[in-house]
Amino acid sequence: MRTETIEKLLKDGGLEAEKVKGIVDAIMAENGKDVEKYKTRAANLEMQLKTANETLEKFKDVDVDGLKGEVQKYKEAAAKAEADGKADIEKLQFGYILDSALKSAGAKNTKAVKALLNDDGLKLNGESIVGLEEQIKAIKEDNGYLFNDEKQPTIVRTTPGATGVVGADDKNKEVNAAIRSLLGKE
């Protein structure tokens with residue numbers, strides 16, 4: 001409503017001109033607050049719309065199907081990398097367990113013994129390798145020189161010149177201990 005219309009209605013209702021002016025000013029002030037609130041809100045909405053349109057404009061030339069293809073490629077690459085990583089870890093575990101088992105079996109040179117193993121007949125099962133004991137036994141029978149001898153070397157006769165001397169038995173013990181030490185059988 002216009003200010004003049006409000007003033008006329010109030011005067012026709014019997015109010016004094018000064019009171020009418022005060023009431024009209026109060027009504028217009030309240031109305032002005034509401035109008036300003038809506039103007040501010042409208043300006044904010046226009047700014048948001050402008051920002052949204054600018055953002056959409058940036059993505060206008062984006063190839064969505066191309067992006068989907070790239071995402072699929074990355075998913076496949078990640079799956080392959082995960083599978084390769086698991087295989088590498090299993091291979092390392094197998095190698096460590098195999099080396100440990102060969103050393104426990106007394107292999108002098110684990111590389112030489114590994115060359116004689118049939119890898120197809122070996123399977124990793126937790127912390128052990130299925131089929132390894134049988135292959136080691138066969139390799140020991142055919143190539144015993146690749147493994148440390150399980151017997152302790154001992155001298156049963158005294159060395160020349162040691163007989164008849166006091167403490168000859170002590171010398172035999174010293175010689176036996178020295179030989180065992182050289183052969184790693186202490």
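A residue is called buried here when its relative accessible area is under 20%, exposed when that area is over 50%, and partly exposed in between (1.4 Å probe, protein chains only). Keep that scale in mind, as we'll lean on it throughout. The model is predicted, so local features need pLDDT of at least 70 and side-chain atom pairs count only at pLDDT 80 or more, while totals for chains, interfaces and linings use all residues. Residues are numbered from 1 along each chain as its sequence is written, and side-chain values use heavy atoms, with hydrogens and water left out.

Let's start with the overall layout. The chain has 6 helices and 2 strands; these are DSSP runs numbered from the N terminus, with helices being H or I over at least four residues and strands E over at least two. Reading from the N terminus, the order is α-α-α-α-β-β-α-α. Of the chain's 186 residues, 15% count as buried. About 15,200 Å² is exposed, and carbon and sulfur atoms supply 55% of that; accessible areas come from the Shrake-Rupley method with a 1.4 Å probe, and for residues only the protein chains shown count as cover. As for contacts (heavy atoms within 4.5 Å), take those with a separation of 6 or more: residues 24 or more positions apart account for 47% of them.

Now zoom in on helix α5, residues 132-142, where Leu132, Gln135, Ile136 and Ile139 are buried. These four sit on the same side of α5 because they cover an arc of only 100 degrees around the axis, the arc being that of the directions from the helix axis to the C-beta atoms. What covers them? Among the elements lying over the buried residues of α5 are α3, α4 and β2 (128-130). Flip to the face turned away from the buried side, and you'll find the exposed residues Glu133, Glu134, Lys137 and Glu141.

Next, the charged pairs. Side chains of opposite charge can pair when their charged atoms come close. A salt bridge here is a side-chain nitrogen of Lys or Arg within 4 Å of a carboxyl oxygen of Asp or Glu, and by that rule the count comes to 6. One of them joins Lys86 and Glu82, at 3.7 Å from N to O. Both residues lie in helix α3 (residues 64-104), 4 residues apart, or about one turn of the helix. Another brings together Asp99 and Lys114, with 2.6 Å between N and O. This pair links distant parts of the chain, with Asp99 in helix α3 and Lys114 in helix α4 (residues 110-116), 15 residues apart. Asp99 is partly exposed, with a relative accessible area of 22%, and Lys114 is partly exposed too, at 29%.

Then there's Lys60, in the loop between α2 (17-58) and α3. Its side chain meets that of Glu57 in a salt bridge of 3.1 Å, N to O. Lys60 is exposed, with a relative accessible area of 55%, whereas Glu57 is partly exposed at 48%.

Finally, look for the nonpolar surface patch of about 380 Å² made by Phe59, Val62, Val64 and Leu67. Patches are made of residues with over 30% relative accessible area and no salt bridge; like charges are joined within 9 Å, and nonpolar side chains (Val, Leu, Ile, Met, Phe, Trp, Tyr) within 5 Å. Of the patch residues, Val64 is found in helix α3.
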